[in-house]
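Morning, everyone. I have one structure to walk through today. Please have the sequence and the model open.

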Amino acid sequence: MSRTAEWKIRLYLVEEDATTTARLELDTGTTKLTGHGLARCAPDDTDVPEIGDELAVSRAMSDLAAQMQKAAYGDIEASMSPSHPESGAPRAAWLDTATS
């Protein structure tokens, strides 16, 4: 089976004072998820905006990744037939051994 999909991602960064906020919006066409990230510059640190951007965006990506994983596991559970005795844990074929 061959398939191509396009998912749209929008990234918004806002810096106020010594705080950078990132909002990452994912639209798959059927699902919309939003990841949030925050970075604060400590008073004794040199303010380097690029570092705040990187940290805030990486945290928004992590938040979004956790939401995507939760959605995938929910979809796996919903797709399981009643004859399977599993308790909602992902099927072995879908497990990512690199991150488990």
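I'll go from the overall layout to the strands, then the core, then a few single residues.

First point: this is a predicted model. Keep that in mind throughout.

Now the layout. The protein has 100 residues. It contains 1 helix and 3 strands. Read from the N terminus, the order is β-β-β-α. Of the residues, 17% count as buried. The accessible surface is about 7900 Å². Carbon and sulfur atoms hold 53% of that surface. For contacts with a separation of 6 or more, 30% are between residues 24 or more positions apart.

On to the strands. Strand 1 covers residues 8–16. It pairs with strand 2 in the antiparallel sense, over 9 bridges. One register marker for you: isoleucine 9 has leucine 26, in strand 2, as its bridge partner. Strands 1 and 2 form a hairpin, with 2 residues between them. Look at aspartate 17 in that turn: its phi is positive, about 55°.

Next pair. Strand 2 and strand 3 also run antiparallel, joined by 9 bridges. Here the marker is alanine 22, which stands opposite glycine 37 in strand 3. These two strands make a hairpin with 4 residues between them. Glycine 29 sits in the turn, with a positive phi of about 100°.

Stay on strand 2. Which side chains of strand 2 point to the buried face? Thr20, Ala22, Leu24 and Leu26 do, and they are buried. Thr19, Thr21, Arg23, Glu25 and Asp27 point to the other face and are not buried. So the side chains alternate along the strand.

Now the core. In soluble globular proteins, nonpolar side chains tend to be buried together. In this model, the largest nonpolar core has 9 residues. They are Ala22, Leu24, Leu26, Leu33, Ala39, Ala56, Val57, Ala60 and Leu64. Three elements each supply at least two of them: strand 2 (19–27), strand 3 (32–40) and helix 1 (49–79). Which element gives the largest share? Helix 1, with 4 residues.

Two residues show how the pieces meet. Take threonine 20 first, in strand 2. Is threonine 20 buried or exposed? It counts as buried, because its relative accessibility is 4% and the cut-off is under 20%. Leave aside its neighbours within four places in sequence, and threonine 20 is in contact with Leu13, Val14, Glu15, Gly37, Leu38, Ala39, Gly52, Asp53 and Ala56.

Then alanine 39, one of the core residues. With the same neighbours-within-four filter, alanine 39 is in contact with Ala18, Thr19, Thr20, Gly52, Leu55, Ala56 and Arg59.

Compare isoleucine 51, found in helix 1. Why does isoleucine 51 count as partly exposed? Because its relative accessible area is 45%, and partly exposed runs between 20% and 50%. Isoleucine 51 and alanine 39 are 12 residues apart in sequence. In space, C-alpha to C-alpha, they are 8.6 Å apart.

Last, the rings. How many aromatic pairs does the structure hold? The count is 0. There is a charge over a ring, though. Arginine 23 lies over the face of tyrosine 12, at 4.3 Å from the ring centre. Recall that Arg23 is on the face of strand 2 that is not buried.

That's the tour. Over to you.

Note on methods
Residues are numbered from 1 along each chain as its sequence is written. This is a predicted model: local features need pLDDT of at least 70, side-chain atom pairs count only at pLDDT 80 or more; totals for chains, interfaces and linings use all residues. Side-chain values use heavy atoms; hydrogens and water are left out. Rings of Phe, Tyr and Trp (its six-membered ring) pair if their centres lie within 6.5 Å; planes under 30 degrees apart count as stacked, over 60 as edge-to-face and the rest as tilted. A charge sits over a ring if NZ of Lys or CZ of Arg is within 6 Å of the ring centre and within 35 degrees of the ring normal. A nonpolar core is a set of buried Ala, Val, Leu, Ile, Met, Phe, Trp, Tyr and Cys residues joined through side-chain atoms within 4.5 Å. Buried means under 20% relative accessible area, exposed over 50%, partly exposed in between (1.4 Å probe, protein chains only). Contact means heavy atoms within 4.5 Å. Accessible areas come from the Shrake-Rupley method with a 1.4 Å probe; for residues, only the protein chains shown count as cover. Two strands pair if DSSP finds at least two bridges between them.
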